[in-house]
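Before turning to details, it helps to look over the whole chain and then to follow a few of its parts in turn. The paragraphs below begin with the interior and move from there to single residues.

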Amino acid sequence: MLLKEQNSTTVILFKLSKKLPSAAAPRIRSCRNTIKMSVALRRTCINLNKNVGVLSASTAATSRQRNYEPNILTSVYKDIPVTNYTVNDFVWQNLDRWPDKTATVCALTGHGYTYAQTHKMSVTLAASLRKKLKLQNDDKVAIILPNIPEYPCSVLGVLQAGCIASTMNPVYTAHELKRQLEIIDCKCIIASKLSYQNIREALNQMKKNIPIILVDNGDLPEGTINFAELAEDFTIDVDCLKAVQRSPKDVAILPFSSGTTGLPKAVVLSHESVVAMNEMIADPDVIVIEETTATHQSVLPAILPFFHIFGLNVLMMSQMSLGCKLVTMPHFKPELFVQTIVRHKADVLFVVPPMVVFLGKHPAVKPEHLQSIKGVISGAAPLSAEDAVTLLNKNRNIIFRQGYGLTETNGAVAVGRRNCTNHSAVGHALANTEVKIADIKTQNALSVGKEGEIWVRSPSLMSGYYKNEAATREVLTNDGWYKTGDIGKYDENKFLYVTDRLKELIKVKGFQVPPAELENVIRTHPKVLDCAVLGIPDPITGEVPKAFIVPIPNQSVKSEEILDFVNSKVASFKKIKEVQFIEEIPKTPAGKILRKNLKEKYC
């Protein structure tokens, strides 16, 4: 199935049709294995380590430090013991309880797998990678796929084989893929026809020939391997996997940072760190998904890209450990998104700010379309309280929360409690996690209400950047702090606020102006759909803010309207000096503004 690239811009969001087709039952793909065989295979192939209650070294260090450092923001949640699981152990620990429940189903085709089928295929894929392709422990396998039902099987199969999974954007160009494939020294690729030509061109430029596994049905390009031949060859002897020994300290995943201000870097995430984050967000006061039972299964539209840490870890890994049904969406289309919510009676949405704006502001999204939704978590970029309220006006029963995390923290640092009504904050620091608001000049920890750089210390932290010691030293301190590059503060109730990016602050006459603050003001203008603010050179003040505006379709708005609207609400040094109207704001798949792209194109 060829899938076209779709940008998550709020301009595209407004193309939603008002007509939603009637519900259709998903067609779940049959599999030759029985549930009993799958569970038995799991017990044979997975060395499940249940040594719970063992604190990691980083967690123990964190506990000691709390008594000695003033002004450190600690969690409102109780510390939890960090288990000694690998990622596979964690995801499959309760497989016996819901083997026949749907794990994944495609929103477009209805094609999908049960949990037993997904597990059996991942183990079979792992054995095939070892026996047929001769992969070894720590070999890197690139997964370059859109969100499809085979994605979890691919990742978990790679990990089960003792290899390291590196997730990449399937719409990347050959140039972009070449750089990332070279960084990780890739030994094998799992992809689809969507990316094949760019992958082949990248490998040709590298003068490298490695196995390419394609998930597509039908005729495949010469020299490629059919995914089904590896993942559905149930005659293969899986005993070879008994020799695969993985420690929680071993590297599990090499995702790439978003690259909003520079080139993406491969982030080293161990099994231990991945599981630690997932254990922390499983806190009963945090969790948003109800665990699957014999009579209930929560449904979650999987629209966030799995190659991004939010989609991979917080959405896919975490929710599969609870038996959730993931409705995979290979690209964002407004009509399909709403259809999926309605047809599958979605319980929860994990989204990014442009999607919240779409659901809240678009007149074609009616309250009845959202009536099944119990909870919404928005992350990856800041969201104004006003945008949250706009969505809640369509369904007052929704539990709405923001979350905050980075690839380097496995996707989560903070999230609001279930009863949270403070929609301006990104919530509370997770269990076992400390946050330091560091003075930008002195690096001393600042007290309540003062803005500085957000530093994080947690068992979920990355080990570093792969093959990039210089970049690692820039962000990891000797005493375990990770410098996020984000600007924020906390209040007397331990709520954390993210106000901007350190590298994106606009310097006006020595004052620091956060673009996000101005953007939040601009978005409240009734004729503005989306916006971004950059600092541009000025001979007198050094820099001045410039606003890029995407107006609501069929609305006439002038620069003077924007200038008057914003500048009457901010201090003199924050006033916008220039406005430019454009068709869309460039963003990452997770919704972060690509300011470097704006600068390259318009400045």
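A nonpolar core, as the term is used here, is a set of buried Ala, Val, Leu, Ile, Met, Phe, Trp, Tyr and Cys residues joined through side-chain atoms within 4.5 Å. In this structure, which is a predicted model, the largest nonpolar core has 132 residues, and those with the most contacts inside it are Phe 337 and Phe 350. The element that gives the most to this core is helix H11, residues 309-320, which supplies 8 residues. Separate from it is a second core of 25 residues, which includes Ile 164, Ile 184, Ile 199 and Ile 210.

The surroundings of Phe 337 can be followed in the model residue by residue. If its neighbours within four places in sequence are left aside, Phe 337 is in contact with Ile 303, Met 329, Phe 332, Leu 349, Val 351, Phe 358 and Leu 359.

With the cores in view, the chain as a whole can be described. The protein chain contains 18 helices and 26 strands, and of its 603 residues, 62% count as buried. When contacts between residues at least 6 apart in sequence are considered, 71% of them join residues at least 24 apart. The area that the protein chain exposes is about 23900 Å², and carbon and sulfur atoms supply 49% of this area.

One helix towards which the reader may now turn is H17, residues 559-567, in which Ile 562, Phe 565, Val 566 and Asn 567 are buried. The buried residues of H17 pack against helix H16 (515-522) and also against three strands, namely E24 (528-538), E25 (542-551) and E26 (578-581).

A charged residue offers another place to look: is Glu 434 buried or exposed? Glu 434 counts as buried because its relative accessibility is 0%, and the cut-off for that class is under 20%. This residue lies in strand E17, which covers residues 434-438, and its side chain makes a polar contact, at 2.9 Å, with the side chain of Arg 457.

Finally, the cysteines deserve a look. A disulfide is a covalent bond between the sulfur atoms of two cysteines. Counted as pairs of cysteine sulfur atoms within 2.5 Å, the disulfides in this model come to 0. Cys 106 counts as buried because its relative accessibility is 3%, and Cys 153 likewise counts as buried, at 2% relative accessibility.

Terms used: Residues are numbered from 1 along each chain as its sequence is written. This is a predicted model: local features need pLDDT of at least 70, side-chain atom pairs count only at pLDDT 80 or more; totals for chains, interfaces and linings use all residues. Side-chain values use heavy atoms; hydrogens and water are left out. Helices (H or I, at least four residues) and strands (E, at least two) are DSSP runs, numbered from the N terminus. Buried means under 20% relative accessible area, exposed over 50%, partly exposed in between (1.4 Å probe, protein chains only). Contact means heavy atoms within 4.5 Å. Accessible areas come from the Shrake-Rupley method with a 1.4 Å probe; for residues, only the protein chains shown count as cover. A polar contact is a pair of N or O atoms within 3.5 Å; within protein, one must be able to donate a hydrogen and the other to accept it, and residues adjacent in sequence count only if both atoms are side-chain atoms.
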